[in-house]
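These are my notebook entries on one structure. I record what I looked up, in the order in which I looked it up.

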Amino acid sequence: MGLARDLLLVLAIFSIFDLRVLATVGPATPQDALYRPNFPAPTPFVGSNPQIVQSNTSSGFVPRWGKRSTEKRQNICLGSTATDATINQILAQVPGDGIKVFLCPGAVIFLQNPVFFTAANQELSTLGYPTDATRATIVVAGASQSIAVYGVCNGCDGVALRNIQIKGSRDILGFNNGYALLEMGGPTSGQVIDHCVISEPRGWSCLHEGSGLTCTGMTITNNIIGPCGNSPTNGFQFKRDLKERDNIYPPSEWADGISLACRNSLVQNNVITDATDGGIVIFQAPGSLITGNTVVAVSRVGMGGINMVDYAPYGGSYAGTIVAGNTIVALSTMIKVGIAIGPMVWGSNNQTAVRTSGGLVFNNVLNSGPFGSGTGYFYMGIAVAGHIDATVVNNDATFAWFGGQPYYGGQVHCFIDPPMQPPQAFIFDQYTSPGYSLQSNFYSHDLVFLICPQPGPIIWGGALSSNNGIVIGVQRSVPDMAPPSAPSSSSSSSTPTQTSTPTSSATSATGRDQASLQSEISVRRVSQASLASVAATRYAAIASLILCHSVPLQSLSSSYIP
């Protein structure tokens with residue numbers, strides 16, 4: 001009777017703290033720890049922190065949450081000896097709506113399988129919502145695993161990932177051509193990914209949001225993303241017969257930073273570093289706003305900064321999609337196209353049936369670090385081809401460098417007809433992009449497959465201005481754009497606005513000399529001094545973010561901070 005009375009007393013005490021059931025999970029793990037910052041800490045302690053306590057049983061307890069208020073439940077978190085099975089057993093409870101799983105600050109949890117959301121308004125986060133390196137870390141460790149968290153489920157409206165670090169382990173386990181590291185969206189609304197650090201996916205993207213036509217209202221904010229994928233060591237992403245020469249990273253191992261298809265979504269204030277496919281790839285995502293993001297290329301070649309090139313899943317319609325106020329930085333390596341608009345930029349399918357359309361692109365900045373001080377460059381700044389009703393206005397490439405080459409070893413590597421145009425800031429194909437409304441410094445030419453060119457010398461810099469899309473002003477080395485054995489890069493097209501290849505005289509295509517160009521520069525709507533001030537402030541903050549999280553100091557240019 002005495003034993004029964006003591007047991008009842010213990011159960012009564014637990015009920016006070018809203019821990020109504022403790023579920024035994026997995027094998028005995030005496031190192032399992034629960035974090036109870038508001039509870040008296042029993043002994044023995046784990047480490048030097050008296051708030052992190054060791055389970056005094058041999059069964060490895062984890063809490064089974066109740067359905068009442070969450071305040072008391074927020075006092076418990078999972079430590080480093082938790083597993084995907086631990087987390088999934090909590091999330092799989094019925095009813096599961098509103099369950100929040102908190103990981104302990106500093107915890108590192110290795111996953112053999114994905115974590116699965118199962119019901120509305122569930123959350124996986126770090127206790128206390130820290131925004132520094134104390135955010136808990138979940139690490140992909142399964143031999144064939146590529147997904148860390150899966151939220152594509154019926155009824156999973158409002159699920160959230162907050163303030164955690166997710167490591168895909170490509171740098172350790174290698175590429176496996178799998179799913180994205182985070183697979184979210186599906187038939188849901190209102191999902192949130194906020195203040196997370198996401199890197200090294202084994203599959204095609206760090207963060208995939210969408211899946212089908214039913215996702216709406218995604219919020220992706222304040223995340224630090226990358227590196228994502230590998231660019232080929234030799235730079236030749238599309239010439240398969242060179243694969244045997246590249247014994248480190250062959251072609252096709254690139255990955256996106258953010259892949260967005262969810263309608264009416266917000267993608268804001270994210271920093272994406274070294275995404276090797278597209279920094280932000282917008283699969284139409286009609287009605288979405290993509291703003292205030294920074295895409296940076298530090299050590300891995302990127303094919304696109306922000307991409308609007310896909311026809312699926314909404315039939316190519318970017319209706320209501322806005323890309324505004326973003327910054328794309330080729331800091332110390334190449335970005336092939338800063339903002340790519342239309343499928344002809346990304347390939348060679350010239351069928352009118354697969355044209356993309358709509359959307360608004362404005363007030364974006366492309367540069368190579370503050371005042372153009374970096375060593376990176378773009379092949380094309382903003383390119384439009386195969387896109388109907390494009391509206392692209394008030395974008396700036398003043399402090400960007402441009403370079404690269406469409407040939408290798410004296411042989412043309414990319415298309416001969418139409419010939420690949422030289423590196424420049426703003427270019428479009430008026431024949432495949434009817435109904436356009438573009439800022440006045442776009443240059444027109446037949447275009448196809450602009451992500452084909454490879455790393456090469458920097459040719460032009462935009463420290464002064466850009467005219468007709470061809471950057472003039474600061475000039476670096478200016479090699480011929482075609483090797484001696486290749487056909488001339490000048491086009492035979494009769495495009496009315498066609499201009500010639502830039503020459504060492506640094507005159508514009510319309511024949512104006514430097515004096516008249518300087519006059520034009522003097523009346524630019526945004527002064528260079530004002531732009532430089534904004535850039536310096538912005539990049540100091542961005543550099544601080546990157547240095548504090550995922551990019552080694554030695555990989556950053558010393559000129560990154562003004």
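Before the first entry I fix one term: a residue is buried when its relative accessible area is under 20%, and exposed when that area is over 50%. The model is predicted.

**Entry: H445**

I looked up H445 and found it in the loop between β40 (443-444) and β41 (454-461). Is H445 buried or exposed? Its relative accessible area is 1%, so it is buried. I then looked for a polar partner of its side chain. The side chains of H445 and Q421 are joined by a polar contact of 3.1 Å.

**Entry: the chain as a whole**

I next took the totals. The protein chain holds six helices and 43 strands. Of its 562 residues, 56% are buried. I noted an accessible surface of about 21,700 Å², with 57% of it belonging to carbon and sulfur atoms. For contacts in the chain with a separation of 6 or more, I recorded that 77% are between residues 24 or more positions apart.

**Entry: the open parallel sheet**

I traced an open sheet of 11 strands, paired in parallel. I wrote its order down as β5-β8-β11-β14-β17-β20-β23-β26-β30-β34-β39. Which strands lie at the edges? They are β5 (100-103) and β39 (437-438), each of which pairs on one side only.

Within this sheet I checked one pairing in detail. Strand β8 (residues 123-126) runs parallel to strand β11 (residues 160-162), and three bridges connect them. I found L161 in β11 as the bridge partner of L124.

**Entry: nonpolar cores**

L124 and L161 came up again when I searched for nonpolar cores. The largest core has 79 residues, and L124 and L161 are among those with the most contacts inside it, together with L103, F117, I138, V149 and I198. I followed I198 further. Leaving aside residues up to four places away in sequence, I198 touches I166, L181, L182, I193, C206, L207, I224, I225 and G226. I also recorded a second, separate core of 26 residues, which includes V309, C414, V448 and L450.

**Entry: strand β19 and its partners**

How many residues of strand β19 (residues 256-260) are buried? I counted five of the five, so the strand is largely enclosed by the rest of the structure. I then looked up its partners. Four bridges pair β16 with β19 in the parallel sense, and H208 stands opposite S259 in β19. The strand also runs parallel to β22, to which three bridges join it. There, L260 stands opposite I282 in β22.

**Entry: strand β38 and its partners**

I repeated the check on strand β38 (residues 424-428). All five of its five residues are buried, so β38 too is largely enclosed by the rest of the structure. Strand β32 (residues 377-384) pairs with β38 over four bridges in the parallel sense, with A383 opposite I427 in β38. Two bridges join β38 to β40, and the two strands run parallel. I noted F428 opposite S444 in β40.

**Entry: helix α2**

I turned to helix α2 (residues 84-91). Six of its eight residues are buried, so α2 is largely enclosed by the rest of the structure. The buried residues are D84, T86, I87, N88, I90 and L91. At the start of α2, I found a side-chain oxygen of T83 within 3.2 Å of the backbone nitrogen of A85.

**Entry: aromatic pairs**

My last search covered aromatic pairs in the whole structure and returned eight. I examined W204 and F283. Their ring centres are 6.4 Å apart and their planes stand at 80°, so I entered the pair as edge-to-face. Where in the chain do W204 and F283 lie? W204 is in the loop between β15 (197-199) and β16 (205-210), while F283 is in the loop between β22 (278-282) and β23 (289-291). The pair thus links distant parts of the chain, 79 residues apart.

I checked the accessibility of both residues. W204 has 28% relative accessibility and counts as partly exposed, whereas F283 has 17% and counts as buried.

I also recorded a cluster in which ring pairs link F426, F428, Y436 and F442. F428 is the residue I had already entered opposite S444 in β40.

Definitions and conventions
Residues numbered from 1 in each chain as written. Predicted model: local features only at pLDDT ≥ 70, side-chain atom pairs only at ≥ 80, totals over all residues. Heavy atoms only, no water. Phe/Tyr/Trp six-rings, centres within 6.5 Å; stacked < 30°, edge-to-face > 60°. Buried < 20%, exposed > 50% of the residue type's maximum accessible area, 1.4 Å probe, protein only. Polar contact = N/O pair within 3.5 Å; in protein donor to acceptor, adjacent residues only side chain to side chain. Core = buried A, V, L, I, M, F, W, Y, C linked by side-chain atoms within 4.5 Å. Contact = heavy atoms within 4.5 Å. Areas by Shrake-Rupley, 256 points an atom, 1.4 Å probe, with all protein chains shown as cover. Pairing = 2+ DSSP bridges.
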